[in-house]
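Q: Can you walk me through this one? I have the sequence and the structure open.

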Amino acid sequence: MNSIASGTVLITGPTGGLGRAATMSMANRPVGERPDLLLVGRAGRALTEVAAEARMAGAVVREIGCDLARLSDVRAAAQQVRELLNDGAVRPLHGVVANAGLSTADTHTASADGYGLTFAVNYLAHAQLIGDLLDSFTAPGRIVLLGSNTYYENIFRRMLSVAPADWRDPIELSRPTAADVPATLKLSGTAYSNSKLAILYYAHELQRHAPAGVNVTVFEPGFMPGTGLMRGHGAAAQRIGQAIGRLPGVSSPDSSGPALASIVLDDRWAHLHDGAFVVKDKEREVQPFASDPDREARLWDATAELLKSAA
Ligand SMILES: NC(=O)c1ccc[n+]([C@@H]2O[C@H](COP(=O)([O-])OP(=O)(O)OC[C@H]3O[C@@H](n4cnc5c(N)ncnc54)[C@H](OP(=O)(O)O)[C@@H]3O)[C@@H](O)[C@H]2O)c1
């Protein structure tokens, strides 16, 4: 029996794109290599359908309805997870895959708690969920966060005109764009890239706070045109994405979903920790500025402030 698959894996964003493919890849594994699954997503048909499909494949599955843009929902989801674990309704928690994400075109859009939506869903909601569940892990445990190479210059980023990260104090980064500043493609790209740089900083700091035996990794699936990620960006962005999608070497949920499932489940990745950055199936160094103990410590403290003021 594989050590992670002997327990439960929670995944956020199982309803579409990469998360759905990773969920089904885990569910379709043979008995003994298949974890119980906690599917955390917005309540509705898409969640019910993926849960039903994963059950049909033989997995024990619990759906947890949660809008990650509402921190009270996230706290309630964590409470539900703790109850399921305490009741023995699922096996011990060995894995969390913080997959859900979005990129808002209009950075004026705020979460239910008043934070910029991209920062709130991609980063803050996962920091709340993982923080609430940190004591519920049974070692060996793995936390896999979703990164993106858009945080710095890369070829797909430039082709898509996604602006790189522009780091500032996290309290400032958490704010939606002021009403008197027009929304632009650059602001939208910067917000997305900042949220993914936050994931890298958070991953490094999280490892310092995680219980012994719980390892933190950041996974970058490669550019996957055609997922729902850019759904708010209009037809032109979709067309550019589809054109780039025909280039060789471009990823898809069909290729990266199983790779993500492998990172959380397979023994070959058991050595990953400290926020190791894996692009598809290769460990990569991050840019020197993406590993910064001062920024990481500040992000940790600012996150506690942001979550507390929304409680
Ligand atoms: N696509 C790429 O090229 C690419 C590249 C690098 C990294 N990534 C990362 O990969 C991850 C998955 O992205 P994807 O491309 O698969 O996008 P996707 O198809 O849009 O899937 C995103 C998932 O997140 C969920 N989600 C979004 N907002 C939510 C909310 N408020 N509450 C609950 N769930 C919410 C979505 O659920 P709903 O259906 O309910 O909205 C969906 O299940 C993201 O973290 C993304 O940043 C993607």
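Q: What mix of residues sits in the shell around the ligand?
A: The shell divides into 12 nonpolar, 11 polar and three charged residues. Here Ala, Val, Leu, Ile, Met, Phe, Trp, Tyr, Cys and Pro count as nonpolar, Asp, Glu, Lys and Arg as charged, and the others, Gly among them, as polar. This is a predicted model: local features need pLDDT of at least 70, side-chain atom pairs count only at pLDDT 80 or more, and totals for chains, interfaces and linings use all residues. Residues are numbered from 1 along each chain as its sequence is written.

Q: Which residues come nearest to the ligand?
A: Of the 26 residues around the ligand, Gly13, Gly17, Gly101, Thr227 and Gly228 come nearest. A residue is near a molecule or strand if its C-beta atom, placed from the backbone, lies within 6 Å of it.

Q: Switching to H3, which of its residues are buried?
A: Leu71, Asp73, Val74, Ala77, Ala78, Val81 and Leu85 are the buried residues of H3. They lie on the same side of H3, because they cover an arc of only 150° around the axis. That arc is taken from the directions from the helix axis to the C-beta atoms. Buried means 20 or more other C-beta atoms within 10 Å of a residue's own, exposed means 12 or fewer, and partly exposed is in between, with C-beta atoms placed from the backbone. Helices (H or I, at least four residues) and strands (E, at least two) are DSSP runs, numbered from the N terminus.

Q: And what is on the face turned away?
A: The exposed residues Gln79, Glu83 and Asn86.

Q: What comes just after H3?
A: Gly88, with a positive phi of about 75°.

Q: Which residues of H9 are buried?
A: Among them are Pro253, Ser256 and Gly257.
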